[in-house]
Every structure is written in structure tokens, then in C-alpha cells.
Amino acid sequence: QVQLAESGGGSVQPGGSLNVSCEASGPIFSTYCIGWFRRAPGKEREGVAALHTIEDSTYYDDSVKGRFTISKDYAKNTVFLLMNSLKPEDTGLYYCAAHRCTTYTDLLRRLKVASFAYWGQGTQVTVSS
């Protein structure tokens, strides 16, 4: 059983930054790939970024490309999502999720349909002036 815990959310002004983390219950990243999702108020959950941990490849949705960056500290069983130049439309509940790695193409497909096996509880990000 994989457990994930997000932290690091908060309230920032537009243009600000946050670094949210996703800590796993153990050394899963040799087997499990990671997706980052958000659910904005009144909207469906959407995938914004992904990390293929075996290929060390990342993906970013166009809405966050150039502003969000995935990093990792496998010794601490933790993956991070650094969010810069935040906009009000980035407001939402941010989740990390894990699924057993296969291909990069499959990872992106799963990100698009939010089909991951394990999910964290989410951390709230609010961008407002």
C-alpha cells in the first residue's frame, strides 16, 4: 500500500511562489511514477505535471509550462512541485498521485484521465491579491 502526503500549500499574491511537496510512505520511486493534479473551485480535477521516475522525464501542461518545475529528493522519498509566477487561476487543491511506471506515453494518458492508483489528500493553494 502506497501512502502519499502533500504539504506546503498556502496563500500567496499573484506573482508569488510556493513549493509543494509529496512525501511517500517509503522508497517507491524506483517503481512508481508521479502525477500532479489540481482541482480548482467549480472545475474538474486536471493533471498539470508528471514525472516518469525511471526515465527521469517530466511533462508539464501548457497552462503551467515555464512556471512549474518538478524536482525530487529520493533519499527523503519526496517529490516537489515548485510553482513560480503564480496566477489567480492556479488556485485549487493540489494532489500528487502515484502509479506503477510503464511507458512515458502511458503516464501522460493516465495524467489526462486522472487514472492513478494512489492519491494524497491534497494541499490548498490560493493565489489572490
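The turns below walk through a predicted model of one protein chain.

User: How many helices and strands does the secondary structure of the chain come to?
Analyst: Read along the sequence, the pattern is β-β-β-β-β-β-β-β-β-α-β-β. That comes to one helix and 11 strands.

User: What radius of gyration does the chain have, and what would a compact globule have?
Analyst: The C-alpha atoms fill a box of roughly 40 × 25 × 25 Å along the principal axes. A compact globule with 129 residues would have a radius of gyration near 14 Å. The chain agrees with that, at 13 Å.

User: What share of the residues of the chain count as buried?
Analyst: Buried means under 20% relative accessible area. Of the 129 residues, the share that passes this cut-off is 46%.

User: Among contacts between residues at least 6 apart in sequence, what share join residues at least 24 apart?
Analyst: A contact here means heavy atoms within 4.5 Å. Among contacts between residues at least 6 apart in sequence, the share that join residues at least 24 apart is 63%.

User: Which strand gives the largest share of the largest nonpolar core?
Analyst: This core has 28 residues, and those with the most contacts inside it include Leu4, Trp36 and Phe68. Several strands each supply at least two of its residues, among them β4 (32–39), β5 (45–52) and β9 (92–100). The largest share is four residues, and it comes from β3.

User: How many residues does the second, separate core have?
Analyst: Tyr95, Leu107, Leu111 and Phe116 are included in this second core. Its count of residues is nine.

User: What is the order of strands in the open sheet of four strands?
Analyst: The pairing in this sheet is antiparallel. The edge strands, β1 (4–7) and β7, each pair on one side only. Neighbouring strands are turned by 20° against each other on average, direction ignored. The order is β1-β3-β8-β7.

User: How many bridges join β7 to β8?
Analyst: The two strands run antiparallel. One bridge sets Asp73 opposite its partner in β8, Thr78. The number of bridges that join β7 to β8 is six.

User: Which residue in β3 stands opposite Leu4?
Analyst: β1 and β3 pair in the antiparallel sense over four bridges. Leu4 lies on the covered face of β1, along with Glu6. Opposite Leu4 in β3 stands Ala24.

User: Which residues make up the uncovered face of β1?
Analyst: β1 has two faces, and Leu4 and Glu6 make up the covered one. Leu4 touches residues such as Ile28, Cys96 and Trp119, not counting residues up to four places away in sequence. The uncovered face is made up of Ala5 and Ser7.

User: What pattern do the disulfides of the chain follow?
Analyst: The structure holds two disulfides. One joins Cys22 to Cys96, and another joins Cys33 to Cys101. With bonded cysteines counted along the chain, the pattern is 1-3, 2-4.

User: How many residues apart are Cys22 and Cys96?
Analyst: A disulfide joins the two, with 2.0 Å from S to S. The link is right-handed, with 75° about the S-S bond. Cys22 and Cys96 are both buried. Cys22 is in strand β3 and Cys96 in strand β9, and their distance along the sequence is 74 residues.

User: Where in the chain is Cys101?
Analyst: Cys101 is bonded to Cys33, with 2.0 Å from S to S, and the link is right-handed with 120° about the S-S bond. Both cysteines are buried. Cys33 sits in strand β4, 68 residues away along the chain, and Cys101 is in the loop between β9 and α1 (104–113).

User: Is Gln13 buried or exposed?
Analyst: Gln13 lies in the loop between β2 (10–12) and β3. Exposed means over 50% relative accessible area. Gln13 has 55%, so the residue counts as exposed.

User: Which residues does Gln13 touch, not counting residues up to four places away in sequence?
Analyst: Gln13 and Leu81 are 68 residues apart in sequence and 18 Å apart in space, C-alpha to C-alpha. Not counting residues up to four places away in sequence, Gln13 touches Val127 and Ser128.

Note on methods: Residues are numbered from 1 along each chain as its sequence is written. This is a predicted model: local features need pLDDT of at least 70, side-chain atom pairs count only at pLDDT 80 or more; totals for chains, interfaces and linings use all residues. Side-chain values use heavy atoms; hydrogens and water are left out. A nonpolar core is a set of buried Ala, Val, Leu, Ile, Met, Phe, Trp, Tyr and Cys residues joined through side-chain atoms within 4.5 Å. Buried means under 20% relative accessible area, exposed over 50%, partly exposed in between (1.4 Å probe, protein chains only). Two strands pair if DSSP finds at least two bridges between them. Axes are lines fitted to C-alpha atoms, for helices over the stretch in contact, and angles run from 0 to 180 degrees between N-to-C directions. A disulfide is a pair of cysteine sulfur atoms within 2.5 Å. The radius of gyration is taken over C-alpha atoms; the globule rule is 2.2 Å times the number of residues to the power 0.38.
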